[in-house]
Every structure is written in structure tokens, then in C-alpha cells.
Amino acid sequence: MEDRLTEIVSSSRGRKGDLIPILQRIQAEFGYLPEEAIVKVAGLTGVAESRVFGVASFYAQFRFTPMGRNRVMVCRGTACHVKGAPRILDEVEKAIEIKEGETRQDLEYTLESVTCIGCCGLAPCIMVNKEVHGRLIPKEIGDIFITRGECDAG
Ligand code: FES
């Protein structure tokens, strides 16, 4: 990882103004921003570690933990909200045993909420990797994860 981090930062010539693109490239490569990446970026750009962390934590696009193999997105947009998204989220949290914003320790799932997944006519809905599940009722949620098996992430 160390060499790759050096390559990424060096390709941006380590300029302070390139901090966000550097962090984006690191995240694209590793799926998140490991702590050692923050330290390395700070060392190579001359920006304080606290500043690098501050910039990274300001933007919702950056993650500090690895993604799970399966990404679960619960829609909390208006259409889904009025059709019961909060109950759906509760049931998903129970089914995969993590809270919104968390990744399971075994890295099987990451759970996020989103503002719309573009299937409002199917509200309430969730997305598991690229698969949309719509017109959900809370008692069906457990079945989605039971029938998924261990992992089907691509
Ligand atoms: S609001 Fe849920 S899919 Fe659009």
C-alpha cells in the first residue's frame, strides 16, 4: 500500500491544492481512506494530518472504513418516506445486524441511506448492490437477506 500511496500522491506532484483529487484517487484504489493514507498524504504534501483528515471528513464522499462486500442502500426520499421507509430501515438494520452508516465486522454488508434511487414508483424501496427491491413491506425484508446467501457482490 505504501508504494501505491506514494505513486498516487507523486502523480499529483504532491501539491496542496490537489488534496481532494488525491484523496479521491486513493479511495478509488482502496475503497476507503485508510489511516496510513492520511498520514502519507500529509507527509508528502506538507499539509498537516489534522487538515487532511478535516478535509476528508467534511465531504460525505470519503469513507474511513472499508466497504462491505454487499452495499445496501435504503431509500429515504420523499416517496419512500411516506410509504414507510423508516420501518423498512429498522427491518434492514435488524436483518443485517448493523445500523445505518455502518459496515459489518465480517465486511459482508455496508448499510447506507440515500435520498432517491430513481424508482419512486416502486416506493418504498431498497437497493442491494445493483438490485432494486420495491413495494416492500417490513416483514419481507428478512427474506431478501436470507435468500441472498453469503455474498453475491460482483
Ligand atoms: S424516493 Fe425512493 S426511489 Fe425515489
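Me: What is the order of the 4 strands in the open sheet?
Reply: This is a predicted model. Its open sheet has mixed pairing. The twist from one strand to the next averages 20 degrees. Read across the sheet, the strand order is E2-E1-E3-E4.

Me: Which strands are the edge strands?
Reply: Look for strands that pair on one side only. Residues 109-114 form one of them, and residues 131-133 form the other. The edge strands are E2 and E4.

Me: Do E1 and E2 pair in the parallel or the antiparallel sense, and which residue is the bridge partner of asparagine 70 in E2?
Reply: Strands of a sheet pair through backbone hydrogen bonds, either parallel or antiparallel. E1 and E2 are joined over 6 bridges, and their sense is parallel. Asparagine 70 has its bridge partner in E2: tyrosine 109.

Me: How many bridges join E1 to E3?
Reply: E1 and E3 run antiparallel. One bridge links valine 74 with isoleucine 126 in E3. The number of bridges joining E1 to E3 is 3.

Me: Which residue in E4 is the bridge partner of valine 128?
Reply: E3 covers residues 126-128. E3 pairs with E4 in the antiparallel sense, over 3 bridges. The partner of valine 128 in E4 is glutamate 131.

Me: Which helix lies across E1, E2 and E3?
Reply: The helix in question spans residues 85-96. It runs at about 160 degrees to E1, which covers residues 70-75. The helix is H6.

Me: How many charged residues does the contact of H1 with H2 have?
Reply: H1 (residues 2-11) and H2 (residues 19-30) pack at about 145 degrees, with axes 9 Å apart. Arg4, Leu5, Ile8 and Val9 in H1 meet Ile22, Arg25, Ile26 and Glu29 in H2. By class, the contact has 5 nonpolar residues and no polar ones, and the charged count is 3.

Me: What is the handedness of the crossing where H1 passes H2?
Reply: Take the pair H1 and H2, with axes 9 Å apart. H1 passes H2 in a crossing that is right-handed.

Me: Why are H3 and H4 oblique to each other?
Reply: H3 covers residues 35-45 and H4 covers residues 49-58. Their axes come within 8 Å and cross at roughly 120 degrees. That angle lies between 115 and 145 degrees, so the two helices count as oblique.

Me: How many nonpolar residues does the contact of H3 with H4 have?
Reply: Ile38, Val39, Val41 and Ala42 in H3 meet Glu49, Val52, Phe53 and Ala56 in H4. By class, 1 residue is charged, none is polar, and the nonpolar count is 7.

Note on methods:
Residues are numbered from 1 along each chain as its sequence is written. This is a predicted model: local features need pLDDT of at least 70, side-chain atom pairs count only at pLDDT 80 or more; totals for chains, interfaces and linings use all residues. Two strands pair if DSSP finds at least two bridges between them. Axes are lines fitted to C-alpha atoms, for helices over the stretch in contact, and angles run from 0 to 180 degrees between N-to-C directions. Two residues are in contact if their C-beta atoms, placed from the backbone, lie within 7 Å. A crossing is left-handed if the near helix is turned anticlockwise from the far one by less than a right angle, and right-handed if clockwise. Ala, Val, Leu, Ile, Met, Phe, Trp, Tyr, Cys and Pro count as nonpolar, Asp, Glu, Lys and Arg as charged, and the others, Gly among them, as polar. Angles under 35 degrees count as roughly parallel, over 145 as roughly antiparallel, 65 to 115 as roughly perpendicular and the rest as oblique.
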